[in-house]
Amino acid sequence: MKNLQKLALLAVLGMGAIFTACEKENDSVVDQEVTAEIPQQVLDKIAALAFNPNDVTYEDFVFPDGTSEKRYVIEGDIALSADFIESMDLYGGITSEQYRTNNLVADGNITVIGYTGGGGFGLSSKNRTGLQWAVNNYNRLNLDISMTLTFGTNYQDKDIVVYQNPNAGGSGGSAGFPSGGRPNKFIQVYGLDGFSNNVNEHVICHEIGHSIGFRHTDWFSRQSCGQNTNEGTAGVGAVHIPGTPTGYDSTSLMLACFNSGVDGEFNGNDVTALRFLY
């Protein structure tokens, strides 16, 4: 790891329909609980960490074996448990629209598995292609982290597991943040078979970005979703990664929303940020 700062990359805007990129709008969530039912202290902590406290949902996050746990879904595709949110340090958390200061992944190899089991949780052919292309995107940059990809069902010892959630509505994916120097383990995708291999690549690459510590590039505005919401900097400053924009970056892979025209590739600013951190 080259730095103790974190950047925020995300799904990209293009021409055509817009989809929440990690992507999940409230009307696509199954059995969600509305924001009003979430404890105020949780919303306060989310806001203090410079996440958007609006439209937070409390949902069943389903694992590949069919079990589930409740998680708070923030900004459409960031799924965090109550314990994880509570453990996040207010003064080591989000520092600007582009970075974070904690929860990076330790240098070294990350083992990734594309789940191929049954029950609707196995990746489709397009999902598998998108995952392979996404891993290739990271590995070709020769970062201080690398990824080894396999496909199968024995995921227990793997660092990242990518699988389908057959119970989710809408199209996109969801993931969490790293912990203890290791990446977020579980990445869900859903509703992507109607899209191109490039869109599958884009969504999975984006969710891997969250899993190694990146936020949405436009968390300060969610402009890619047609919104105008500024969450502030939690009173802890804003440290800019050299060579990257301080404003809206319309082609970043880590924008909050994507559309069917995305190509699944990092832009130059995403690459600069990745190389700065890893």
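This is a short talk on the strands, the aromatic rings and one buried arginine in a predicted model.

Okay, housekeeping before the fun part. It's a predicted model, so local features need pLDDT of at least 70, side-chain atom pairs count only at pLDDT 80 or more, and totals for chains, interfaces and linings use all residues. Residues are numbered from 1 along each chain as its sequence is written, and side-chain values use heavy atoms, with hydrogens and water left out.

Big picture: the chain has five helices and ten strands. Those are DSSP runs numbered from the N terminus, H or I of at least four residues for helices and E of at least two for strands. Of the 278 residues, 56% are buried, meaning under 20% relative accessible area with a 1.4 Å probe, protein chains only.

Now look at strand 5, residues 108-115. Strand 5 runs parallel to strand 6 (residues 145-152), with eight bridges between them; strands count as paired if DSSP finds at least two bridges. One spot to click on is T111, whose bridge partner in strand 6 is T148. To get from strand 5 to strand 6, the chain goes through helix 3 (residues 125-139), and that β-α-β crossover is right-handed. In other words, with the strands pointing away from you, the path from the first strand over the helix to the second runs clockwise. Strand 5 also pairs with strand 7, again parallel, over three bridges, and there I113 stands opposite V161.

On to the rings. How many aromatic pairs does the structure hold? Nine, counting Phe, Tyr and Trp rings (the six-membered one for Trp) with centres within 6.5 Å. Take Y163 and F186: they sit edge-to-face, 6.2 Å centre to centre with 85° between the planes, where edge-to-face means over 60 degrees, stacked under 30 and tilted the rest. Y163 is in strand 7 (residues 160-164) and F186 in strand 9 (residues 186-190), so this pair ties together parts 23 residues apart in sequence. Both are buried, and they belong to one aromatic cluster with F61, F63, Y115 and Y155.

Two of those rings have a charge over them, too. R71 lies over the face of F61, 4.2 Å from the ring centre, and the charged end of K185 is over F186 at 5.9 Å. The cut-off is Lys NZ or Arg CZ within 6 Å of the centre and within 35 degrees of the ring normal.

Last stop, R215, in the loop between helix 4 (197-211) and strand 10 (257-259). Is R215 buried or exposed? Buried, because its relative accessibility is 1%.

Key. Buried means under 20% relative accessible area, exposed over 50%, partly exposed in between (1.4 Å probe, protein chains only).
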